[in-house]
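Dear colleague,

Please find below the structure that I am handing over to you. My findings follow directly after it.

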Amino acid sequence: MLKKSEFSQNADKVSQWLSQFFSELERLPVKSKVKPKEVYRQLPAQAPGSSEAIEDILTDLQQIILPGMTHWQHPNFHAYFPANSSQESVFAEYITSALGAQCMIWDTSPSAAELEQKVLEWLQVEMDIPKSWEGVIQDTASSATLVAILSARERLTGFRSNVEGVPNNLRVYCSIDTHSSIDKAVAIAGIGTRNLIKIPVDKRGRMRTEALEGQIASDLKTGYVPCCVIASIGTTSRVAIDPLDEIANVCLQHQLWLHVDAAFAGTAMLLPECRWICKGLRKADSLVFNPHKWMFTNFDCSAYYVKNVETLLRTFEVLPEYLKTSTRGQVNDYRDWGVPLGRRFRALKLWFVIRSFGMDGIRARLRKHIELTKYFCNCLLEDSRFTLMQEPLLSFSCFRLAPQGMSNREQLNRLNESLLKAINESGEAFLSHTKIEGQYTIRMLTAQTYVEQRHIDKVLSLIKEKADILLQ
């Protein structure tokens, strides 16, 4: 066991390891090359009985654990959506861990509650989120969406479902491209996945409003009770932007809860020129976006805003004797704003990032990522063998290797699957894929905190090099 009196010297050793890690990060393989169980077999069968030195632990971290890590903070990580970090956020996480606070209610750490309220108010102004809404930090967008669906369920049933159980005829609507967390949330909420109705999308991956209207009308005729609609501002597959304003009008007509899932793309609302993505937000009931995706803040940190906080509180409030306090009603007790009782001090890292970058600095970096995406697409299209599957959107693009004379869909799918595998197995970059209308498509996110043009040039060279080999 480490001695408190030796904290400084042990902290120096950890800091040295971190400093070396960050300096060497670009030279490490982006995606781990270990085989299944390779890390597991290197670990002892039994836990150590006696204390081990920090030097030995760090040695095993370097030799056993690090080779099994996929490096999400590598500037050539372009897969999925980013889980961005930054020096500022790392420092805040260090301090958060040292404080070790359980921030469930105001009394258990007043600073945690009041800082959370303040930083979310800052973002509310900077993103033009309606002033009357109120915000809370959830762990992930999955949890925030569950909170929204549970709130919608309780509002619709007059807050009886928590007591009496859930009616079996409630309906929730989303597009066929909406994130899988909606399926899970509907199941957990007791509504049932058979009552999650997935609406068709147009050629740009956006929910078809007329199809939503038709489905709601059909459900009303057959005895179902429409409850909630989830609109996606940046679907996982291809960052499609649902027509929020049109969907909101349908929801207002039928008095349905409208939740806006803007997990990745929502950060772009910090840019006035990108606020078109959330046109109609004022007509919605709730919104989530993840600072841990594209706002340089360590996972986990999701900002959830709700129009009517009283509905939220009535849905989640439980008050045992041991949590009654004299400050109740004067402050925000955030354990009543979501599922878990226990809460981490997540606001600290968001505060560090906002203060260190400044809003101007955050906006500059977002714009740089968007410009780098355009640069990537323009350079890729200089090679006639490649085609874009849609126009670049924010910091996202997707493409396909489609050499002249090759038109068989399955053959092209296999070719692009092989291309992606070759790129990722090189260890020099990491990309992921989706399918658009049955066509295997390679996704490219240019949103890592410290990415530069030289990293994009490296990926472009790698893509073309692997294409050359495959087509020989």
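Which residue lies over the face of F81? In this predicted model, R443 takes that place, at 5.3 Å from the ring centre of F81. A second such case involves R171, which lies over the face of Y224 at 3.5 Å from the ring centre.

Turning to pairs of rings, the model contains 13 aromatic pairs. In one of them, the ring centres of Y80 and F430 are 5.7 Å apart and the planes stand at 85°, so this pair is edge-to-face. Y80 belongs to the loop between α3 (54–65) and α4 (87–99), whereas F430 belongs to the loop between α14 (409–425) and β10 (432–436); the pair therefore ties together parts that are 350 residues apart in sequence. Y80 is partly exposed, with a relative accessibility of 42%, while F430 is buried, with a relative accessible area of 5%. Both residues belong to one aromatic cluster with W72 and F77.

I also examined helix α15 (residues 453–471). Its 19 residues should span 27 Å at 1.5 Å a residue, and the end C-alpha atoms are indeed 27 Å apart, which agrees. The buried residues of α15 are H455, I456, V459, L460, L462, I463, K466 and A467. These residues cover an arc of only 160° around the axis, which puts them on the same side of α15. Their packing partners are α13 (347–380), β8 (386–388), β9 (396–401), α14 and β11 (439–445).

With kind regards

Definitions and conventions. Residues numbered from 1 in each chain as written. Predicted model: local features only at pLDDT ≥ 70, side-chain atom pairs only at ≥ 80, totals over all residues. Heavy atoms only, no water. Phe/Tyr/Trp six-rings, centres within 6.5 Å; stacked < 30°, edge-to-face > 60°. Helix = DSSP H or I, 4+ residues; strand = E, 2+ residues; numbered from the N terminus. Buried < 20%, exposed > 50% of the residue type's maximum accessible area, 1.4 Å probe, protein only. Lys NZ or Arg CZ within 6 Å of the ring centre and 35° of its normal. Expected span 1.5 Å × (residues − 1). Arc of directions from axis to C-beta. Contact = heavy atoms within 4.5 Å.
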